[in-house]
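Subject: Structure handover

Hello,

Here is the structure I promised to pass on. Please open it alongside this note.

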Amino acid sequence: MIVMRAMDKTMTCAEFQDALPELFEIQADLSGHEHLKNCENCAALVRDLQYIASQARLLLPIHDPSPAVWDHIQQAIRQDKPEPPAAVRK
Amino acid sequence: MAGPTQPRPATQHLRRNPPIAGEQEAIDKAREGDARAFETLYAMHKRRVYSLCLRMLGNVAEAEDLTQEAFLQLYRKIGTFRGDSAFSTWLHRLAVNVVLMHLRRKGLPQVSLEETLEPSQDDGPRKDIGARDLTLSGSIDRVTLERAIENLPPGYRLVFVLHDVEGYEHNEIAEMLDCSIGNSKSQLHKARMKLRDLLRTGQRKEQIA
């Protein structure tokens with residue numbers, strides 16, 4: 001219902017922003033949205049949220065664990081030895 | 001104008017988890033208990049698993065502990081990997097579960113998720129109404145965004161990292177976090193709104209400085 005109303009050019013900013021999560025979720029094309037044509041604040045909000053989501057998708061794994069992590073894993077595996085990996089368990 | 005929630009085709013995880021040369025051989029040998037092969041798998045995936053833990057937790061010591069726990073679980077469970085999904089997808093899901101188990105023991109995510117269901121006035125979407133200000137587009141570098149994500153409340157951060165960074169779908173997140181799909185969608189939107197606030201505040205401070 002809210003989404004249907006979202007195409008109504010008489011909707012307020014509050015109504016538009018209430019509908020926004022669902023509009024994003026259904027990947028609605030907001031480029032020609034009546035409310036955004038007349039409301040620079042909401043247009044900026046939409047641009048920013050789209051920008052944040054797009055930048056998040058570009059984040060790469062850049063952090064390496066310290067060498068101590070592998071040392072601890074090896075140590076724990078040695079203590080685990082009586083229980084070999086499941087593939088070779090009888 | 002496409003929405004920020006782009007379609008997540010089946011290739012989404014493949015894009016994030018492309019096949020790695022030598023991985024299958026290492027998996028096969030590690031399943032037979034080959035320690036060198038397991039070390040190879042660790043070298044291939046440590047950065048991705050650790051980065052995931054760090055982004056979800058925002059704490060280096062905890063992220064290292066849980067990276068260790070994730071790989072120990074991998075060692076114990078690698079024999080159960082059947083190849084239905086990419087190995088890296090399977091491993092990252094295992095790591096997510098390790099982090100969530102840890103957070104549940106601490107009691108953080110449930111509390112945060114519920115708390116953030118009723119956003120404070122600071123987090124509410126209508127804060128922007130009437131506030132003409134900067135737009136972010138094109139102005140945020142990776143380090144700034146990473147720092148802002150670190151500063152998200154834990155409940156917001158979990159959903160944002162899982163959906164927008166790691167590419168999980170709302171139904172998967174709802175299952176992982178034991179919440180409704182609607183809750184996951186709502187948290188994601190609030191997380192993006194909160195990030196916008198954090199990023200804009202940072203920009204204003206930079207301008208003043």
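Below are the notes on confidence, helix packing and domains.

This is a predicted model: local features need pLDDT of at least 70, side-chain atom pairs count only at pLDDT 80 or more, and totals for chains, interfaces and linings use all residues. Residues are numbered from 1 along each chain as its sequence is written, while chains are lettered from A and ligands numbered from 1 in the order in which they are written.

Confidence

The predictor gives the complex an ipTM of 0.76 and a pTM of 0.76. Chain A has an average pLDDT (the predictor's confidence in each residue, from 0 to 100) of 83, and 79% of its residues score at least 70. For chain B the average is 81, with 77% of the residues at 70 or above. Within chain A, helix H1 (residues 2-5) has the lowest mean pLDDT of the elements, 53, and helix H5 (residues 67-80) the highest, 93. Helices here are DSSP runs (H or I, at least four residues), numbered from the N terminus.

Two stretches of chain B need a flag. Residues 1-11 stay under 50 in pLDDT, and the model has 22 contacts beyond four places in sequence for them. Residues 114-132 also stay under 50, again with 22 such contacts. A contact means that the C-beta atoms of two residues, placed from the backbone, lie within 7 Å.

Helix packing in chain B

Axes are lines fitted to C-alpha atoms, for helices over the stretch in contact, and angles run from 0 to 180 degrees between N-to-C directions. H3(B) (residues 35-57) packs on H4(B) (residues 60-77) at about 140 degrees, with the axes 9 Å apart. H3(B) is therefore oblique to H4(B). (Under 35 degrees counts as roughly parallel, over 145 as roughly antiparallel, 65 to 115 as roughly perpendicular, the rest as oblique.) The crossing is right-handed: the near helix is turned clockwise from the far one by less than a right angle. H3(B) contributes residues including B:Phe38, B:Tyr42 and B:Val49, and H4(B) residues including B:Leu66, B:Ala70 and B:Phe71. By class, this contact has 13 nonpolar, one polar and two charged residues. Nonpolar covers Ala, Val, Leu, Ile, Met, Phe, Trp, Tyr, Cys and Pro; charged covers Asp, Glu, Lys and Arg; the others, Gly among them, are polar.

H4(B) also packs on H5(B). Their axes come within 9 Å and cross at roughly 125 degrees. H4(B) is therefore oblique to H5(B). This crossing is right-handed. Among the residues involved are B:Leu66 and B:Ala70 of H4(B), with B:Leu94 and B:Val98 of H5(B). The classes are eight nonpolar, two polar and one charged.

Between the chains

H5(A) meets H4(B) with axes within 9 Å, crossing at roughly 40 degrees. The two are therefore oblique, and the crossing is right-handed. A:Val69, A:His72, A:Ile73, A:Ala76 and A:Ile77 face B:Glu64, B:Thr67, B:Gln68, B:Phe71, B:Leu72 and B:Tyr75. That contact holds seven nonpolar, three polar and one charged residues.

Domains of chain B

The assignment, an automatic or database one, gives domain 1 (16-106) and domain 2 (108-209). Their contact takes 10 residues from domain 1 and 11 from domain 2. On the domain 1 side, H5(B) (87-106) gives the most, with five residues. That side divides into five nonpolar, one polar and four charged residues.

Best wishes
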